[in-house]
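Colleague: I am new to this structure and would like to learn how to read it. Could you walk me through it with me asking as we go?

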Amino acid sequence: MEKVKSVSANWNQVLTEIARHQDRQQFARLYEYFAPRVKTYLLRFTASEAQAEELAQEALLQVWRKASKYHADKAAASTWIFCIARNLFIDQQRSGKGQLEQRTDSYHEHEQLLNDRAQEVDYDHRASVRTLDQAIKELPIMQAQLVYKSYFEGKSHSEIAGDLDIPIGSVKSGLRLAFKKLRAFTGVEDV
Amino acid sequence: MPKHHPDEATLLSYAAGSLTSGARLLMECHLARCEHCQARVREAEQLGGQLLETLQISPMAAMSEQALFALLDEPENQPEQSDVKNRPVSASDGRSYDVSDKQEQKPDWLPEWANALLPWVNKDTSWQRVAPGISQIRLQDDSFSRDKAVRLLRIAPGTCMPGHGHSGSELTLILQGSYSDETGRFCEGDVADLDPDIKHQPIADRDQDCICLIVTDAPLRFDGWVPRLMQPFFGL
């Protein structure tokens with residue numbers, strides 16, 4: 001847990017530097033780290049590699065433009081960047097242009113990625129990620145799937161219920177339980 | 001401060017960006033006056049941020065530092081903002097929508113905290129009668145394609161709604177007045193987030209009209225043949 005905080009605190013500091021001094025070098029670091037992850041996130045919603053790339057770049061440019069509104073005591077950098085990427089996805093979906101193609105069942109692919117990833121990342125990142133990995137792995141598979149479908153497939157409760165052929169009530173109770181457990185693991189109360 | 005809150009699963013889906021547009025709109029109104037739910041949404045957004053960090057990387061096209069810095073100098077290319085209505089308001093990134101010009105057209109029954117509805121209603125918006133004591137305004141928007149119905153319901157004091165269950169989700173937000181049903185008494189700002197297996201028969205309390213925003217994503221199922229005849233009138 002200590003590691004988690006120190007790693008994300010690091011990005012909080014970087015983003016604060018960007019906010020205060022329009023520090024371009026720091027932005028380049030942030031871009032290098034977050035853009036490829038935001039792109040993966042957006043690839044869940046669009047089958048087009050080019051569109052995901054373009055939106056990821058736009059997300060990071062918004063981070064730069066809006067940086068003055070960032071306050072490290074209110075949100076972690078990763079939270080803030082997640083919100084920007086998510087809003088971009090929502091806007092895109094709403095405007096209907098480019099019609100983001102919803103991908104259906106990429107969960108198993110994701111699970112595989114969770115397993116493989118540990119080898120390819122640097123030590124600090126791995127340490128922060130493993131805690132949440134661990135928490136997700138300890139969830140019953142159905143709950144992990146519900147969380148995944150909510151965050152990375154953009155599906156509503158009814159849509160998930162249809163996909164998995166389970167009652168909506170089960171989708172909601174499963175998400176509720178998963179949220180409770182993951183909250184405890186990620187130590188969100190501390191930020 | 002509201003007493004009845006959305007299900008935590010609904011708050012999580014809001015933060016994840018996966019609610020339908022109608023449901024998101026309803027949540028934005030509730031969040032505008034509910035610190036309890038704002039805090040929960042922040043937690044779910046934080047979870048989103050951490051999940052983002054667990055993602056494997058998809059390499060971006062190679063770009064020199066100079067090229068990147070050049071992008072930073074470019075003026076923001078404003079996407080044609082045909083309409084800025086219904087912009088998501090996030091607890092963490094402080095986005096907001098501009099409704100100042102609509103303020104004077106505000107209907108008197110619409111509370112300040114529900115200004116997100118202003119793009120759809122004004123002083124002159126007329127209520128369509130659907131049954132004795134019940135009238136509605138249907139909110140239309142291209143983005144509501146994933147919602148079954150997004151509408152405002154105005155229920156005269158003491159009116160008893162037909163008992164009904166749901167085959168999908170139903171979110172109800174009280175904008176004015178109050179109603180009571182099997183699950184409790186719902187007042188201004190409260191949200192009823194019912195599971196499909198719950199049947200309920202709301203009765204508007206006696207003091208004033210009860211006005212609520214209702215978002216459904218599957219048809220309501222009314223009991224008995226008379227209410228079923230009413231179904232087409234509700235337009236569900």
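Modeller: Gladly! Let us start with a single residue: Gln26(A) sits in helix H2 of chain A. Please keep in mind that this is a predicted model.

Colleague: Is Gln26(A) buried or exposed?

Modeller: The idea is to look at the relative accessible area, where a value under 20% means buried. Gln26(A) has a relative accessible area of 17%, so this residue is buried.

Colleague: And which residues is Gln26(A) in contact with, leaving aside its neighbours within four places in sequence?

Modeller: Those contacts are Val14(A), Glu17(A) and Ile18(A).

Colleague: Let me try a glutamine in the other chain. Where is Gln38(B) found, and how should I read its relative accessible area?

Modeller: Gln38(B) belongs to helix H3 of chain B, which covers residues 35-54. Values from 20% to 50% count as partly exposed. With a relative accessible area of 23%, Gln38(B) is therefore partly exposed. You can also compare sequence with space here: Gln38(B) and Ala15(B) are 23 residues apart in sequence, and their C-alpha atoms are 10.0 Å apart.

Colleague: Now the wider view. How many helices and strands does each chain have?

Modeller: Chain A has 9 helices and 0 strands, while chain B has 5 helices and 11 strands. In chain A, 58% of the 191 residues count as buried. For chain B, buried residues make up 58% of 236.

Colleague: What does the surface of each chain come to?

Modeller: Chain A exposes about 8,200 Å², with 49% supplied by carbon and sulfur atoms. For chain B the accessible surface is about 10,100 Å², and 50% of that belongs to carbon and sulfur atoms.

Colleague: How do I read a nonpolar core?

Modeller: Start from a general tendency: in soluble globular proteins, nonpolar side chains tend to be buried together. Here the largest nonpolar core holds 105 residues, and those touching the most other members are Leu30(A), Tyr41(A), Tyr151(A), Leu117(B), Leu139(B), Leu152(B) and Leu175(B). Helix H2 of chain A, residues 24-43, gives the most to this core, with 11 residues. The core also draws at least three residues from each of domain 1 (1-102) and domain 2 (104-191) of chain A.

Colleague: Which residues does Leu152(B) touch?

Modeller: Not counting residues up to four places away in sequence, its partners include Trp109(B), Leu117(B), Trp127(B), Leu139(B), Leu175(B) and Cys212(B). Apart from the largest core lies another one, of 14 residues, with Ile134(B), Leu153(B), Tyr179(B) and Cys210(B) among them.

Colleague: How do I read the meeting of the two chains?

Modeller: Look at who takes part and how much area is lost. The contact takes 62 residues from chain B and 77 residues from chain A. Between them the chains bury about 6,300 Å², 59% of it on carbon and sulfur atoms. On the chain B side, Leu52(B), Glu53(B) and Met60(B) lose the most area to chain A, together 12% of what that side buries.

Colleague: How many salt bridges are there between chain B and chain A?

Modeller: There are 8 between these chains, and the structure holds 20 over all chains. One that joins the two chains pairs the side chains of Asp195(B) and Lys172(A), 3.1 Å from N to O.

Colleague: What about salt bridges within a chain?

Modeller: Check the distance first, then where the partners sit. In chain A, Lys155(A) and Asp163(A) meet at 2.8 Å, N to O. Lys155(A) is buried at 4% relative accessibility, whereas Asp163(A) is partly exposed at 37%. Both belong to a network of salt bridges with Lys149(A) and Glu153(A).

Colleague: And in chain B?

Modeller: Arg33(B) forms a salt bridge with Glu188(B), with the closest N and O atoms 3.3 Å apart. This pair links distant parts of the chain: Arg33(B) is in the loop between helices H2 and H3, Glu188(B) is in the loop between strands S7 and S8, and they are 155 residues apart. Another pair is Arg185(B) and Asp205(B), whose closest N and O atoms are 2.7 Å apart. Arg185(B) lies in strand S7 and Asp205(B) in the loop between strands S9 and S10, so the pair ties together parts 20 residues apart in sequence.

How values were computed. Residues numbered from 1 in each chain as written. Chains lettered and ligands numbered in written order. Predicted model: local features only at pLDDT ≥ 70, side-chain atom pairs only at ≥ 80, totals over all residues. Heavy atoms only, no water. Helix = DSSP H or I, 4+ residues; strand = E, 2+ residues; numbered from the N terminus. Buried < 20%, exposed > 50% of the residue type's maximum accessible area, 1.4 Å probe, protein only. Areas by Shrake-Rupley, 256 points an atom, 1.4 Å probe, with all protein chains shown as cover. Core = buried A, V, L, I, M, F, W, Y, C linked by side-chain atoms within 4.5 Å. Domains from an automatic or database assignment. Contact = heavy atoms within 4.5 Å. Buried area = accessible area lost by both parts, 1.4 Å probe. Salt bridge = Lys/Arg side-chain N within 4 Å of Asp/Glu carboxyl O.
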